[in-house]
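Please open the structure in the viewer and keep the sequence panel visible. The tour proceeds from one selection to the next.

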Amino acid sequence: MRTVAVLGGGIGGLAASYYLAKSPQISKVIVLESSGRYGGWLWSTRRSDGAVFEHGPRGIRPAGPVGRNTLNMVEDLGLESEILPVTYNHAASKNRYLYVNGKLHKMPSGIGGVLRTTPPFSRPLLLSVAMEMLVKKSKMEDESVHSFVSRRLGKELADMAIDSLCRGVFAGDCRKLSVRSCFPPLFNAEQLRGSVVLGMMLGSGPGPVVIPGPLAQRSSTDSWAQWSLRRGLESLPEAITGWLTQSGKVQLHRHATVKQLRRSASSWEIHLEDGTISADHIISALPAKALSTVLPSSFQPLIQQLQDISTATVAVVNLEYEGSVLPVTGFGHLIPSSENLGVLGVVYDSVPFPQHNRPNGDTTRLTVMMGGAWFQEVFGAPEEVTEECLLAAATEAVHCQLGVTTAPSWSRVALHKDCIPQYHLGHWRRVESMRSYIRKKLLPLSLAGSSYDGVSVNDVIFSGRRAVEELLETA
């Protein structure tokens, strides 16, 4: 195969390009990114005084095949010395909070936490766990996350813990999100073992095989719960783009918005604002809706399926306070939708990654996440909301929920429009239908990125790898 075009220079597109460039079967890779920077939502601000603030993801989990895969890539890029690991016995791993009924509550952890009643819950988690193994297996092909957890572990856990978790991970409504697509291990555990608990103990089916390199092995030996990079997670896409440039196979184009895709007899014509590029195959790491607007109109069934994948808009507000202002030590707190629709959670960034604080002086860095599936309802249209409004909402949340009475000494508001795909009920069938259409029509097109098979950084990187592997198998 001669030329592959990768649409989108976020972490999914960069990962796909990285795996393409490693293959001797590929002679040329063209990366087309519409904005002026690569990395997508992996976006870090590095202040001149040494402080680092993340406007997107701030920690990556090393566990599982996709976690090992990312660490293998990090090692290959020579970033091992930049890693900032957070172990399972760190306060940020052990202490996570819910804000319920106007109070912070530490989530149960360890044997003691499971055995006794811990507010805000009205009974020990052990009872829910024990009863879960007696619940009959569902025959439904899919189910909302809230319905699944209510049925198997109880409504209280679903209303508070799972509602909050879905807001923190997906910025989404657990009553609409699909358990099959958002939490495949839970769905598969019930299908294979008849129980989530048994599935966690015995395994919930085979997954991809990724052999850990030395860095991934170290993450397991040293019990890492998550990790970041010394100069922020944007260092990862920066390292990939540097590697791609040096490979000699890859052409990187910024400010290259795709206007239209057209099929010729044996290739694609990619129409940009200032010209046309030809490619034998396209890997699209664009958001689903963005891809739908540039496909040929004859691909109507595929276009419709792509448009059916909705997204959530999230406001990320970084705050820096002078001194130590936190009343508790931990990773942060999440807030169920019953408590506060607009504020999803607050991350206590200085606890897991104190290395990102400015070196001189005692400071506390926090990140407030707001909006998500409730953005329009609480804040109005994203195009019309002001930074001042979002900053005021964030500082008010910190004041009310953490008791911080001083004003922040520094702040940054980032509004991420349509940043997290929402895997609503039936998402798996939509994705299956799209890929089936592509296969039947023999289209030289692959789908990668966060719109399809997982929204975490690890999932998105692995989607790029899988797209390349499937392309090379059929080439």
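Two strands are said to pair if DSSP finds at least two bridges between them. The model on display is a predicted one.

**First selection: strand β14**

Select residues 311–322, which form strand β14. Are the residues of this strand mostly buried or exposed? Of its 12 residues, 10 are buried, so the strand is mostly covered, where buried means under 20% relative accessible area.

**Second selection: the partners of β14**

Add residues 363–372, strand β17. β14 and β17 pair in the antiparallel sense, over 10 bridges. Display Glu320 and Arg365 here: Glu320 stands opposite Arg365 in β17.

Next, add residues 410–421, strand β18. This strand also pairs with β14 in the antiparallel sense, over 9 bridges. Which residue of β18 is the bridge partner of Val316? The partner is Ala414.

While viewing the strands, recall that in a regular strand the side chains alternate between the two faces of the sheet.

**Third selection: the second largest pocket**

Now turn to the second largest pocket, which holds about 550 Å³ of space. Its lining consists of 20 residues, and those closest to its centre are Ile438, Arg439, Leu445, Ser446 and Glu470. Colour α17 (427–440), β19 (445–447) and α18 (457–474), the elements that each give two or more residues to this lining. Which element gives the most? It is α18, with 6 residues.

Finally, colour the lining by residue class: 10 of its residues are nonpolar, 4 are polar and 6 are charged.

Terms used:
Residues numbered from 1 in each chain as written. Predicted model: local features only at pLDDT ≥ 70, side-chain atom pairs only at ≥ 80, totals over all residues. Heavy atoms only, no water. 1 Å grid on protein atoms, 1.4 Å probe; cavity = no way out; pocket = protein on both sides within 12 Å on 5 of 7 lines; lining within 4 Å. Points joined across faces, edges and corners; volume = space filled by probe spheres on them. Helix = DSSP H or I, 4+ residues; strand = E, 2+ residues; numbered from the N terminus. Nonpolar A, V, L, I, M, F, W, Y, C, P; charged D, E, K, R; others polar. Buried < 20%, exposed > 50% of the residue type's maximum accessible area, 1.4 Å probe, protein only.
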